[in-house]
Amino acid sequence: MIKHFINLEWKSFFRSAAFQTNLVLKIFMALGALYFIGLFTLAGVGAYFGLEEAGYEPLQTLNKFMIYYVLFDLIIKYMLQKMPVVNIKPLLLLPFNKAKIVDFALGKTMLSFFNIVHAFFFIPFSVVLLAQGYDALHVITWHLGMMALIYVNNFINVFLNDAMALVVGLGSVILGLGALQYYGIFDITPYVAPFFQGLYDTLWMFAIPVIAAIALYKVAHGYFLKRLYLDAGLAVKAQKASTENLDWLDRFGKTATFLKNDIKLIKRNKRSKTTVIMSVVFLFYGLLFFTGGIESYDNPFMKIFAGIFVSGGFLFSFGQFVPSWDSAYYPLMMTQNIRYQEYLKSKWMLVVLATAVSTILGLGYLYFGWEAYAAVLVGGIYNMGVNGHVVLLGGAYIKTPIDLTSNKKAFGDSSAFNVKTLLITIPKLLLPIALYAIGHFTLGPVFGYALVALAGVAGFAFRDFMFKKIESVYKAEKYKTIAAYKQKN
Amino acid sequence: MIHIHNLSKTYSGVTVLNIEELHIPKGESFGLVGNNGAGKTTLFSALLDLIQPTTGYIQNGESKVNESEAWKSHTASFIDESFLIGYLTAEEYFYFIGELRGQNKADVDALLAGFTDFFNDEILGKRKYLRDLSKGNQKKVGIVATLIGNPDVIILDEPFANLDPTTQIRLKGIIKKLATDRDITVLVSSHDLIHVTEVCERIVVLEKGKLVKDIKTSEATLKELEAYFSKEEPLVE
């Protein structure tokens, strides 16, 4: 029976739409995975020596902060890792033992990337511990204990399917505890560190997380076995519909029809909501650059780079995938009484409005001096004037259907990579930096900022011309796009 | 109204559609039948400029569908669920289509009022998004949406599939009414020979992409079609 399951998994992996694409994409995917593995490995090795160099006892210090690591892992798992419910349905009718099906599904979550990747942190760290003369038996029990904790998280996550409130609560608790500790008001670590340290000091203690993980597996198993029905555990939750009045948008004329639709699209679908959250995160991206926290970021060119990202979070996360947001009903859009220009203009308007809001919210960067905000401001102008058009143009070549109701792949849609989209990235990021550099080296930074802003204004002036161009590209790509959207993963 | 000339579609060497000449006059109710893979949906997709024909062209109204977009203002269609917007409620969807077709909310409401029976109290005011409706109810929404804004051409791909018996009978009534209107051209495809002979004045049979029968509907049509589809040997190879 296991053989059948493995066979099915094998086929579903290698025959998935994402995998069946071109070689370039596969290389990108492999590089992405290697990047994370490398990052964790480096962190594992680096954590020891870094802490030692800073004058801390590495293992004890790590144990002290382990509570944050574990809680953060749980949140990440909740956000990104889902029970593979869909694959279970067709198995129900076949002569498979139900308990086996549950075992299979839970086993599959155990092999998930989100669990395995931690091994790439803990194994190198443990190896370094051994090499540094820590007691082998104790290191091994500590290691087992840690991995068991990761699996405890894995099985907790299985239950958490729709407990957003709980996770937001947990997130706030972490942030709160972190803040309290940072400002020296209250430190939770002395209370929990002994547990993690105990996993090393006391031989038998590793049994606690291991037994907890096994117990949770049993509970999860029972829970799903009972709910292995289409209207219970396998049901897709129907949202209660909310209607809203967006008539105030009617002042934008024909464009308003689509604008209203897009706002509903964003508010009512998981995937697009994630996008908006992402664009808020982008607002804080600039902190890395303007606080001087990272040395290699601390130069004027990188500041323009930051300015583009701070104001353009929505532009990059949403605008990039126009018209894929409408992929589920693209044939409707193509047969209705719609002029391409109006459709594109509404998307453009949405992106520009969001960019304007981000640019205003970016006023906080004034705290780091006028130059920091100048970078955000000219970045915003450039985004509105030039990048607003460029992302629409790029969207015509990204023919990835978007499943609005699922959050999967919300982070980095892998199939978005192809040569044309890469080429289109150049004017988005490199051109403003180049413009700034020209100004910076001739008449000074102010001239540099002015040049970038000027390019943005020029973009506005050529708006109608740009729209004509974009329209013709969309028309030329129309049939290919419709065919591509038909392919579901 | 619609003129098809020398139309063919070939996918990697396999010709799935090949129609030399087909003329559908204004006001006709036109039925398309054929087994799976006969090319019905391909023909409708080409008619809506959703796929590019390998050769030939389709003219809808004054112009060719792939050259001008003028046909979009007088043509309404429902092919499959990709013509629905899943995150809207039924009302919002109708109003959206209405806005695109120059109808205000009152116009749309007036039209919908005539379909209370058809909706069977399962569509309007239900606080449900279209993606959460059953397949049959989704279809009802899609079909009624094609009637918004008085289109001249209505294209429905297998409208009877997935509907319950009561709704099938009501839908027949709706299509018959449209068929009597000499300004509206209705194109319907179906696997149900009884339904299609009842509502269409002309029936075309496709087989493997070729037009094999073009019948003006009469008493004998159903018998003829049944005889044709129960045959042992295919007529065309």
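Six bridges join strand S9 to strand S10 (residues 210–216) in chain B, and the two strands run antiparallel; strands count as paired if DSSP finds at least two bridges between them. This is a predicted model, in which local features need pLDDT of at least 70 and side-chain atom pairs count only at pLDDT 80 or more, while totals for chains, interfaces and linings use all residues. Residues are numbered from 1 along each chain as its sequence is written, and chains are lettered from A and ligands numbered from 1 in the order in which they are written. Helices (H or I, at least four residues) and strands (E, at least two) are DSSP runs, numbered from the N terminus.

**Strand S9 of chain B and its partners**

Within the pairing of S9(B) and S10(B), B:Ile203 has B:Ile215 of S10(B) as its bridge partner. The two strands form a hairpin with two residues between them, and B:Lys208 in the turn has a positive phi of about 45°. S9(B) also pairs with strand S3 (residues 29–33) of chain B, in the parallel sense and over four bridges, and here B:Phe30 has B:Arg202 of S9(B) as its bridge partner. A residue is called buried if 20 or more other C-beta atoms lie within 10 Å of its own, exposed if 12 or fewer, and partly exposed in between, with C-beta atoms placed from the backbone. Five of the six residues of S9(B), residues 202–207, are buried, so the strand is largely enclosed by the rest of the structure.

**Helix H2 of chain B**

Ten of the eleven residues of helix H2 (residues 90–100) of chain B are buried, so this helix too is largely enclosed by the rest of the structure. Among the buried residues are B:Tyr93, B:Phe94, B:Tyr95 and B:Phe96. What covers the buried residues of H2(B) includes H11 of chain A, together with helix H3 (105–113) and helix H5 (135–145) of chain B. Just after H2(B), B:Gly102 takes a positive phi of about 70°.

**Where the chains touch**

The contact takes 24 residues from chain A and 25 residues from chain B, two residues being in contact if their C-beta atoms, placed from the backbone, lie within 7 Å. Helix H11 (254–268), helix H16 (330–335) and helix H21 (463–486) of chain A each supply at least two residues of the side of chain A that touches chain B. That side divides into 13 nonpolar, eight polar and three charged residues; Ala, Val, Leu, Ile, Met, Phe, Trp, Tyr, Cys and Pro count as nonpolar, Asp, Glu, Lys and Arg as charged, and the others, Gly among them, as polar.

**Chain A and its helices**

Chain A has 21 helices and zero strands, and of its 489 residues 34% count as buried. Among its contacts between residues at least 6 apart in sequence, 80% join residues at least 24 apart. Helix H5 (residues 98–110) of chain A has 13 residues and reaches 19 Å from its first C-alpha to its last, close to the 18 Å expected at 1.5 Å a residue, where the expected span is 1.5 Å times one less than the number of residues. The buried residues of H5(A) are A:Ile101, A:Val102, A:Phe104, A:Ala105 and A:Thr109. They cover an arc of only 155° around the axis, which puts them on the same side of H5(A); the arc is that of the directions from the helix axis to the C-beta atoms.

A:Leu71 lies in helix H3 (residues 58–80) of chain A, and with 16 C-beta neighbours inside 10 Å it counts as partly exposed. Not counting residues up to four places away in sequence, A:Leu71 touches A:Leu170 and A:Ile174. A cis peptide bond joins A:Val322 and A:Pro323, with omega about 5°, and A:Pro323 is placed in the loop between helix H15 (313–317) and H16 of chain A.

**Positive phi outside glycine**

Two residues of chain B are set out below.

| Residue | Phi | Place |
|---|---|---|
| B:Asn6 | near 50° | strand S1 (residues 2–11) of chain B |
| B:Glu158 | near 45° | loop between strand S7 (153–157) and helix H6 (165–180) of chain B |

B:Asn6 counts as exposed, with 12 C-beta neighbours inside 10 Å, whereas B:Glu158 is buried, with 20 other C-beta atoms within 10 Å.

**Confidence**

The model scores ipTM 0.88 and pTM 0.75. Chain A averages a pLDDT of 80, and 87% of its residues score at least 70, pLDDT being the predictor's confidence in each residue, from 0 to 100. The mean pLDDT of chain B is 90, and 97% of its residues reach 70 or more. Over residues 408–417 of chain A, pLDDT stays under 50, and the model has 19 contacts beyond four places in sequence for them.
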